[in-house]
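Here's a quick briefing to read with the model open beside you. It goes through helix packing, the core and a handful of single residues.

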Amino acid sequence: CLDGFCWKLLIIRNLKMGSRSDKEPTENGSHVGAKGQEVSVQAECVPNGDSALPTRLFRRRWAIVFLFSCYSLSNAYQWIQYGIINNVITKFYKVDGFAVDWLSMVYMLAYIPFIFPATWFLDWKGLRFSALMANALNCAGTWIKVASARPDLFWVTMLGQCTSALAQLFILGMPSSLASVWFGAEEVSTACSIGVFGNQLGIAIGFLVPPMLVPNVNDMEELAFHLRTMFYMSAGVATFLFVLVIIVFQEKPEIPPTQSQAQARLSRPEEYSYAASIMRLLGNKHFMLLVVSYGLNVGCFYAISTLLNQMIMQHYPDEEVNAGRIGLTIVIAGMAGSLICGIWLDKTKTYKQTTLIVYILSLVGMLVYAFTLNLGHLWVVFLTAGVLGFFMTGYLPLGFEFAVELTFPESEGTSSGLLNCSAQIFGIIFTIGQAKIIEKWGTFAGNIFLCIFLLIGTIMTGFIKSDLRRQKANQQNEAQPVNVS
């Protein structure tokens, strides 16, 4: 290999940063970038004396993923804000419970026909364009809902919810893309988990806050005031985040973080066909097994979240606030599960094994929840819901990252989009199906209905081959830290 002096010349030649400040090493061998960020610099020594493309890690990657998590939170909060106070919304707008269920299901329905245009925009226009579209729609949806706090304006609140639902098209597929574009090979799964973390935290807040802000009162004017307060709070947060995204959010780092990303930047020609990429993904049988199994798992989570208020109220009347807290428990436990699974994947790279184990434990958690919901002890429901959430919600980033491994070098946004499309389809089917079963036979039958499909998903996961293509690409050109001091 080259000695230290030659390494320095090689890095300077390849980086071509155009500014001496970019090339000055810090004491630990890192470099200071053009805007003052300390970054890690990597290169590779290969047998024939040539170098791999340089890779760098910028500190601002953490600001980017944190900002994404924040606006994902804002959008996810709106998904469940009506469902968790279903009984209050039905009384205020004088509609039936199924109409209120559609305020949540519209998020799922909107995703299905528009997923391909949305992933095409992510593929061709990039992360910043998708972030701006997501925040513009999210902000517009919240302000439309501000004007809907009257009993005769259910259609306006539905219009606002539909607008916010369109925003999620530019959000749900981004965690794996953002993680791959900005983060190193040893932290990409953790970064994806942080991206998913924001969405889960939004759902958690959606379970907790609406029952506190909108109490079940009989005075319609007072109820309208509480609803209007909730809508104004959502609109204020969404507007602030929109402005922040315009100012802060960047498309991609100047230098790619990994060798696989460096290859992706070079290998995607101008004649790249989005339709051909979709066809290749649809022809990848192991990926398609993951698409269906992912949809079954996440679809069950969507159904449970949407109908949680109705299930709790059936066994524990007048416990709207505790229904929200149980939902919060599910999601908080799932957030912990997501982060732990992400860190575990970064350390072990055991994608297939971890995904299968978490899937099996999701099934076990669902069975325990089904058999204990009607025991009459709320603390038991809190406990079993937490166990269920830890594994079922913790599964979300596992599916994203496993999909990227199975489909590399295809676009991460496209593979994630197909996963989410499957989840929305099954989410609608399971929500409607479970609601009808609960109405006719009770909550136990409705939850066993979901358990059957989780068992099918577990079996399908077992047949997925662990073909880790992204890991192979990184190993072929594995970068070593360069000390140029």
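**Helix pairs and picked residues**

Helix α4 passes α5 in a right-handed crossing (the near helix is turned clockwise from the far one by less than a right angle; anticlockwise would be left-handed). Before going further: this is a predicted model, where local features need pLDDT of at least 70, side-chain atom pairs count only at pLDDT 80 or more, and totals for chains, interfaces and linings use all residues. Residues are numbered from 1 along each chain as its sequence is written, and side-chain values use heavy atoms, with hydrogens and water left out.

**The chain overall**

- The secondary structure comes to 19 helices and four strands; these are DSSP runs numbered from the N terminus, with helices being H or I of at least four residues and strands E of at least two.
- Of the 485 residues in the chain, 59% are buried (buried is under 20% relative accessible area, exposed is over 50%, and partly exposed is in between, using a 1.4 Å probe and protein chains only).
- Take the contacts with a separation of 6 or more: 81% of them join residues 24 or more positions apart. Contact here means heavy atoms within 4.5 Å.

**α4 against α5**

- The axes of α4 (residues 86-93) and α5 (residues 97-146) come within 9 Å and cross at roughly 115°. That makes α4 roughly perpendicular to α5.
- A word on the terms: axes are lines fitted to C-alpha atoms, for helices over the stretch in contact, and angles run from 0 to 180 degrees between N-to-C directions. Under 35 degrees counts as roughly parallel, over 145 as roughly antiparallel, 65 to 115 as roughly perpendicular, and the rest as oblique.
- On the α4 side, Asn86, Ile89 and Thr90 do the touching, and they meet Gly97, Val100, Asp101 and Leu103 in α5.
- By class, this α4 and α5 contact has three nonpolar, three polar and one charged residues. Nonpolar covers Ala, Val, Leu, Ile, Met, Phe, Trp, Tyr, Cys and Pro, charged covers Asp, Glu, Lys and Arg, and the others, Gly among them, are polar.
- The loop between α4 and α5 holds lysine 94, which has a positive phi of about 60° although it is not a glycine. Most residues other than glycine have a negative phi.
- Lysine 94 counts as exposed because its relative accessibility is 63%.

**α3 against α7**

- Helix α3 (residues 60-80) and helix α7 (residues 174-182) pack at about 170°, with their axes 10 Å apart. So α3 is roughly antiparallel to α7.
- From α3 come Arg60, Arg61, Ile64, Val65, Phe68 and Tyr71, which meet Met174, Pro175, Leu178 and Trp182 in α7.
- That α3 and α7 contact divides into eight nonpolar, no polar and two charged residues.

**The core**

- Within the 125 residues of the largest nonpolar core, Tyr71, Leu178, Phe249 and Met366 touch the most other members. Such a core is a set of buried Ala, Val, Leu, Ile, Met, Phe, Trp, Tyr and Cys residues joined through side-chain atoms within 4.5 Å.
- Its largest share, 16 residues, comes from α5.
- Not counting residues up to four places away in sequence, Tyr71 touches Ala131, Ala134, Asn135, Ile171, Met174, Leu241, Val245 and Phe249.

**Three more residues to click on**

- Leucine 213 sits in α8 (residues 188-213) and counts as partly exposed because its relative accessibility is 24%. Methionine 230 is 17 residues from leucine 213 in sequence and 6.5 Å away, C-alpha to C-alpha. Leaving out residues up to four places away, leucine 213 touches His226, Met230 and Met233.
- Asparagine 322 is in α13 (residues 320-348) and, at 15% relative accessibility, counts as buried. Apart from neighbours within four places in sequence, asparagine 322 contacts Leu378 and Phe382.
- Valine 358 lies in α14 (residues 351-372) and is buried, with a relative accessible area of 6%. Its contacts, apart from neighbours within four places, are Cys341, Phe391, Tyr395 and Leu398. The C-alpha atoms of valine 358 and cysteine 341 are separated by 9.0 Å, with the two positions 17 residues apart along the chain counted as their spacing.
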